[in-house]
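Biologist: I've got a model open and a few things I'd like to pick apart with you. Mind going through them one at a time?

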Amino acid sequence: MSKGWEKFFYIFTWACQGSSYLSPRAYAVLHRMHHAYSDTPKDPHSPHHTENIFTMMWRTRNIYNDVFHYQEVPEERFSKGIPDWATFDRVASSYLTRLGWGLFYVIFYVLCISVFDFWGTHWSMYFLLPIHFLMGPVHGAIVNWSGHKYGYANFDNNDKSKNSLLLDFLMMGELFQNNHHKLPKRANFAVKWFEFDPTYPVVKVLHYCRIIRLKPGA
Ligand SMILES: [Zn+2]
């Protein structure tokens with residue numbers, strides 16, 4: 001995508017992830033590391049090299065922070081050609097900004113549930129607030145843990161990546177980890193006739209609108 005669209009998606013990512021915003025630059029570095037070191041001790045998030053889902057996420061958090069704060073200089077193959085908007089990242093990742101989003105969610109819930117009672121919204125919806133605060137880590141924990149632990153494999157990738165079909169509709173195709181590790185440059189994560197990657201049509205629309213350009217064969 002062009003540099004202009006890159007900036008747009010930085011801001012759009014921030015608007016969607018809000019309180020648990022992840023820097024696209026640091027995310028890209030970690031994702032490339034994950035592919036290079038899949039399920040080895042150097043993998044930033046393998047369920048096979050940590051005791052439980054929480055220690056895995058803590059390890060990922062530490063590596064992410066090192067990369068985010070430029071304390072760890074990634075190898076060139078991990079950092080080449082990725083977007084970088086340091087000023088925006090700094091503001092979007094600050095505690096003040098994250099707290100601001102958290103407060104915004106709380107106010108929104110209170111207005112919908114207790115003040116205006118939109119569509120008879122039940123008070124138990126308040127229990128969704130912690131998930132809302134931590135959308136990024138919750139999503140990461142499900143994908144990184146399940147996608148390398150539960151499900152079936154179409155390919156032997158010399159790792160433990162799996163396709164977790166039953167959970168996948170919630171993760172918009174990201175749980176076809178086994179397919180994705182075999183064919184990392186393919187935009188469509190679904191391979192078999194019974195698999196469907198809901199993000200692929202979105203990618204296609206972005207391609208037809210010339211917002212992104214898919215490489216031939218992707
Ligand atoms: Zn993976």
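Biologist: Is Asp39 buried or exposed?
Modeller: Keep in mind that this is a predicted model, where local features need pLDDT of at least 70, side-chain atom pairs count only at pLDDT 80 or more, and totals for chains, interfaces and linings use all residues. Numbering starts from 1 along each chain as its sequence is written. A residue is buried if 20 or more other C-beta atoms lie within 10 Å of its own, exposed if 12 or fewer, and partly exposed in between, with C-beta atoms placed from the backbone. Asp39 has 20 other C-beta atoms within 10 Å, so Asp39 is buried.

Biologist: And what is phi of Asp39 near?
Modeller: Asp39 lies in the loop between α2 and α3; helices here are DSSP runs (H or I, at least four residues), strands are E runs of at least two, and both are numbered from the N terminus. Most residues other than glycine have a negative phi. Asp39 isn't glycine, yet its phi is positive, near 60°.

Biologist: Asn158 has a positive phi near 60° too. Is Asn158 buried or exposed?
Modeller: You'll find Asn158 in the loop between α8 and α9 (165-171). Asn158 has 10 other C-beta atoms within 10 Å, so by that count Asn158 is exposed.

Biologist: How many residues of α6 are buried?
Modeller: Start with the geometry: helix α6 covers residues 95-115, and its 21 residues should span 30 Å at 1.5 Å a residue (1.5 Å times one less than the number of residues). The end C-alpha atoms of α6 are 28 Å apart, which agrees. Phe104 sits in α6 and is exposed, with 12 other C-beta atoms within 10 Å. The helix is hardly covered, and its count of buried residues is zero.

Biologist: Which element gives the largest share of the largest nonpolar core?
Modeller: A nonpolar core is a set of buried Ala, Val, Leu, Ile, Met, Phe, Trp, Tyr and Cys residues joined through C-beta atoms within 7 Å. The largest one has 11 residues, among them Trp14, Leu30, Met33 and Phe68. Two or more residues come from each of α2 (24-36) and α3 (53-68). The largest share is four residues, and it comes from α2.

Biologist: Leaving aside neighbours within four places in sequence, what is Met33 in contact with?
Modeller: Contact means that the C-beta atoms, placed from the backbone, lie within 7 Å. With those sequence neighbours set aside, Met33 is in contact with Pro44 and Phe78.

Biologist: Which helix gives the largest share of the side of domain 1 that touches domain 2?
Modeller: The bounds come from an automatic or database domain assignment, which gives domain 1 (3-146) and domain 2 (155-218). The contact takes eight residues from domain 1 and 11 residues from domain 2. On the domain 1 side, the largest share is three residues, and these come from helix α8 (residues 135-146).

Biologist: Last one: what is the radius of gyration of the protein chain?
Modeller: The chain has 11 helices and zero strands. For 218 residues, the globule rule (2.2 Å times the number of residues to the power 0.38) gives 17 Å. The radius of gyration, taken over C-alpha atoms, is close to that, so the chain is as compact as a globular protein of that length, at 19 Å.

Terms used:
Two residues are in contact if their C-beta atoms, placed from the backbone, lie within 7 Å.
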